[in-house]
Amino acid sequence: MALAPEHSILTVPAVGQPARDALRQQCYDVRIDVFSHEQGFPLDTEIDDLDAAATHFLLRLEPSHKPIGTIRCTKHAEYYKLSRLAVLKDYRKFRFGRELVLALHEFVRQDATASGTHGAVKIVAHSQIPVMPFYAKFGYEPEGGEFDEDGAPHQKMVNHLSVSD
């Protein structure tokens, strides 16, 4: 594996905090590049009603701050949802997707602990079929059958993440 360039992952500030809009736009730009331009998903489905309240993570090169990856976490009544994981094509060889998933898992652990949750929490992901093995490496298991999401086959995958590792 090639040596990864200097980089950082930051959590986009919460609603109303300075720099939120600019950093969230950088997440959108990465997603649009990967999902719309590269993979052909409709542009009008990329930004949705979950984005406003979601926690976004942005992976950037250092010291340039060039945005190259992102992942999104939304909290629901019974689970957290991992979605919109995207890394620019030229940077996938560095395993940045793995780092983004682990950053999201750490956020979920901290949030669940702060909410008084003990044991395990459920994280749901809607995986494109070809990347199911990627999610399986983190303990995600298929649940239910394949379904269409935005014109492509997907599989619901679920992880019961231990909060108290």
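**Exercise 1. Determine in which sense strand β2 (residues 55–61) and strand β3 (residues 67–75) pair, and follow the pairing of β2 on both of its sides.**

Solution. Strands β2 and β3 pair in the antiparallel sense over six bridges, where strands are DSSP runs (E, at least two residues; helices are H or I runs of at least four), numbered from the N terminus, and two strands count as paired if DSSP finds at least two bridges between them. The model is a predicted one, in which local features need pLDDT of at least 70 and side-chain atom pairs count only at pLDDT 80 or more, whereas totals for chains, interfaces and linings use all residues. Residues are numbered from 1 along each chain as its sequence is written, and side-chain values use heavy atoms, with hydrogens and water left out.

Next, take the individual partners: in β3, R60 has P67 as its bridge partner, and H56 has R72. The hairpin of β2 and β3 has five residues between the strands, and H65 there takes a positive phi near 65°. Turning to β1, this strand runs antiparallel to β2 and is joined to it by five bridges, with S8 standing opposite R60 of β2.

**Exercise 2. Describe how the side chains of β2 are arranged and whether they are buried or exposed.**

Solution. In a regular strand the side chains alternate between the two faces of the sheet. In β2, T55, F57, L59 and L61 point one way, while H56, L58 and R60 point the other way. Seven of the seven residues of β2 are buried, that is, under 20% relative accessible area with a 1.4 Å probe and protein chains only, against over 50% for exposed and in between for partly exposed.

**Exercise 3. Place β2 in the whole sheet and state which helices pack on that sheet.**

Solution. Begin with the strand order, which is β1-β2-β3-β4-β5-β7-β6 in an open sheet of seven strands with mixed pairing. Its edge strands, each pairing on one side only, are β1 (7–11) and β6 (141–149). From one strand to the next the twist averages 20°.

Helix α1 (residues 20–38) packs on the sheet and touches β1, β2, β3, β4 (80–87) and β5 (120–128), contact meaning heavy atoms within 4.5 Å. The direction of α1 makes about 75° with that of β2, the axes being lines fitted to C-alpha atoms, for helices over the stretch in contact, and the angles running from 0 to 180 degrees between N-to-C directions. Helix α2 (residues 96–114) also packs on the sheet, touching β1, β2, β3, β4, β5 and β7 (152–162), and its direction makes about 155° with that of β4.

**Exercise 4. Count the disulfides and explain why C27 and C73 are not bonded to each other.**

Solution. A disulfide is a covalent bond between the sulfur atoms of two cysteines. The criterion applied is a pair of cysteine sulfur atoms within 2.5 Å, and by this rule the count comes to zero. The closest cysteine sulfur to that of C27 is in C73, at 13 Å, and therefore too far for a bond. As for accessibility, C27 is buried with a relative accessible area of 0%, and C73 is buried with 3%.
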